Amino acid sequence: MNVYLIGVLISFVVYLIVAFVVNKFVKGADDYFVAGRNAPTGLIVGSMVASLLSTGVFLGDSGEAYNGIWIAVAGCAAISAGGYVVGAIFFSRFLRRANVYTIPSFFEKRFCSHAVGIMTVIAVVVAMAVYLLSVTQGGATLMSNVTGLDYNICVLLAVLLFTIMVIAAGSKGVLITDTIMFGLFTTIGVVSVIIVSVKAGGWWNIIEDIAANPETSYLLSWSGKLGYLYDTGLENVIYFLAYGICWAGVAFCGPWQCSRNIMAKSEHTVIRSAVWVVIGCFGVNYLVELGAVFMHAFDIGDTEATQVWLWAAGNVLPTIIGVVLVTGIIAAAISSSTTFLSLIGASISNDIFRIKDSKKNVLVSRVSMLLVAAIVLVVAITNPPNIWWIMQIGATVVICAMLPVAIASVWSKNITKAGAFAGMCAGFAVSFIMKVITTSQGITVPIYCDVYFVGTLANIGAMMIANRLTKVTPEEKEQREALFIVPESEKDPIEIEKTRKALKASVWIGVGIFAFCLVTWIIPYYIGLNA
């Protein structure tokens, strides 16, 4: 038994203990599905960041950064971070105001249409299942590589762990364990990047060396590696702009992100949390992916690009730091898995079976999650992992199906239930089919025909046509107007002032992020480029 296996097993025991302790405080459906609608800022921030930054960042995105498109993955993270604040202000506070358990329930209630709710369930369950498979395979691959255990055994351990955690503790447990895991992988991730940079010769020195070498200067350039994604720098830039907006859409209305806001104790908590999530999501993405680029200073042999951080854990970092890093990356995978599985269970019991009895509702959710976990277990074992592209499929499908309708559900007086349904169907079908075909066949379409653009336009086009053919009903109008009724509990002047200060601070956070990038990347890169 090596030290990595010991560290992983100890962390698993800790997570299980937390889950079973939290189980004692789960009294009903409100506690199980939405944490009693009383989660503070810290738990919302921790859960949002943890559920987003999974193996996709530490393995998938880091591998892509190492291969030469750091600007694409880091730029995408920079743009997407803004989606949290925009989403909190323009969607999530209204979502919380609707007093529902799930995103599909919100759309069904807003449009007075079970069909719209079911269409949302399909989009959510498909996307969450795809993501659950991705992080399960990523976590198991990581665990197998560092512990020496067979991949299939690692899949089994991972599935058992996150399934038991969610079934036992529900959303309360997910929020708490997510926050613990967020603290773990964020801290150790930052420490690891600093150590790698020091051993590579110093932060500025390694960036200057990369820039000065014609064979590596593309790694941190604005264009990235030409030919890896697209043949021109402009196309690569359009790509990261497009997917930055796509992931900003995930932050805006992605069910595994804005669903956390349903659990917040107030609308002010929703908005304040978003400000801090911007720092967490961008900061970890930026540093971890830049650290992957730093690995070019070492001879990693024939190590796969997605494994660069695992290589660093065993060859660059001190043993104890390496063990904690591996444990932290696995924690990132487990935290995302608990979120995805809990959302699937909540949607099945609340939006498909529509069970009103609190105890039966929770029971059906638990049984459905058990069945879904079993399916994921079989698929993860019988199909080879492809973490990065699986992750892209999930994000694209969700945004093409939901983003235009989510915005219109709050801010359009003219959208009808038929428009919402048609838009979701078109966006989902077009994006899913295109993404599966292009990914499975290795087809690279011109950037202006990217799945994200085509799927979103299909959603908007279908929605506009259906809106012209139908009229808003009095019930739909009433539901939209109800979203703009501010609860008395949200009118506390002290809380309002705190929220205003948080929003003002977000401007300075943006300035600070730019200054940070200037010092840690742009200046040393151009010094090296012109040396």
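A residue counts as buried when its relative accessible area is under 20%. By this cut-off Ala 35 is buried, because its relative accessible area is 8%. The structure described here is a predicted model. The points below treat selected helices, aromatic rings, individual residues and backbone angles in turn.

**Helix α17**

- Helix α17 comprises residues 451–469, and its 19 residues should span 27 Å at 1.5 Å a residue; the end C-alpha atoms are 27 Å apart, so the expected and computed values agree.
- The buried residues of α17 are Val 451, Tyr 452, Gly 455, Thr 456, Asn 459, Ala 462, Met 463, Ala 466 and Asn 467.
- These buried residues cover an arc of only 135° around the axis, and therefore they lie on the same side of α17.
- Exposed residues are carried on the face of α17 that is turned away from the buried side, namely Leu 457, Ile 465, Arg 468 and Leu 469.
- The N-terminal end of α17 is capped by Asp 450, which has a side-chain oxygen 3.0 Å from the backbone nitrogen of Tyr 452.

**Helices α8 and α10**

- In helix α8 (residues 203–212), the buried residues are Trp 203, Ile 206, Ile 207, Ile 210 and Ala 211.
- Viewed down the axis of α8, these buried residues fall within an arc of 135°, so they line one face of the helix.
- The elements that cover the buried residues of α8 include α7 (151–199), α11 and α19 (493–529).
- Helix α10 (residues 255–262) is largely enclosed by the rest of the structure, because eight of its eight residues are buried.
- The buried residues of α10 are Pro 255, Trp 256, Gln 257, Cys 258, Ser 259, Arg 260, Asn 261 and Ile 262.

**Aromatic rings**

- A pair of aromatic rings is described by two quantities, the distance of the centres and the angle of the planes.
- The count of aromatic pairs in the model comes to 28.
- In one pair, the rings of Phe 91 and Phe 252 have centres 5.7 Å apart and planes at 20°; planes under 30 degrees apart count as stacked, so this pair is stacked.
- The pair links distant parts of the chain, since Phe 91 belongs to helix α4 (residues 55–97) and Phe 252 to helix α9 (residues 233–253), 161 residues apart.
- Both Phe 91 and Phe 252 are buried.
- One aromatic cluster is formed by Trp 70, Phe 282, Tyr 286, Phe 516 and Trp 521.
- The ring of Phe 111 has the charged end of Arg 110 sitting over it, 4.6 Å from the ring centre.

**Individual residues and their contacts**

- Thr 327 is located in helix α13 (residues 319–352).
- With a relative accessible area of 7%, Thr 327 is buried.
- When neighbours within four places in sequence are left aside, Thr 327 is in contact with Gly 7, Val 8, Ser 11 and Leu 184.
- Trp 276 belongs to helix α11 (residues 267–294), and with a relative accessible area of 53% Trp 276 is exposed.
- Trp 276 and Gly 42 are 234 residues apart along the chain, while their C-alpha atoms are separated by 9.1 Å.
- Leaving aside neighbours within four places in sequence, the contacts of Trp 276 are with Thr 41 and Val 45.
- Val 430 is placed in helix α16 (residues 417–441), and its relative accessible area of 28% makes Val 430 partly exposed.
- In sequence Val 430 and Tyr 452 are 22 residues apart, and from C-alpha to C-alpha the two are 9.5 Å apart in space.
- Residues up to four places away in sequence not being counted, Val 430 touches Val 454, Gly 455 and Ala 458.

**Backbone angles in two loops**

- Most residues other than glycine have a negative phi.
- Ala 35 has a positive phi of about 50° although it is not a glycine.
- Ala 35 occupies the loop between α2 (29–34) and α3 (41–52).
- Asn 99, also a residue other than glycine, has a positive phi near 60°.
- The loop between α4 and α5 (103–111) contains Asn 99.
- Asn 99 counts as exposed, at 52% relative accessibility, whereas Ala 35 is buried at 8% relative accessible area.

Definitions and conventions
Residues numbered from 1 in each chain as written. Predicted model: local features only at pLDDT ≥ 70, side-chain atom pairs only at ≥ 80, totals over all residues. Heavy atoms only, no water. Helix = DSSP H or I, 4+ residues; strand = E, 2+ residues; numbered from the N terminus. Buried < 20%, exposed > 50% of the residue type's maximum accessible area, 1.4 Å probe, protein only. Contact = heavy atoms within 4.5 Å. Expected span 1.5 Å × (residues − 1). Arc of directions from axis to C-beta. Polar contact = N/O pair within 3.5 Å; in protein donor to acceptor, adjacent residues only side chain to side chain. Phe/Tyr/Trp six-rings, centres within 6.5 Å; stacked < 30°, edge-to-face > 60°. Lys NZ or Arg CZ within 6 Å of the ring centre and 35° of its normal.
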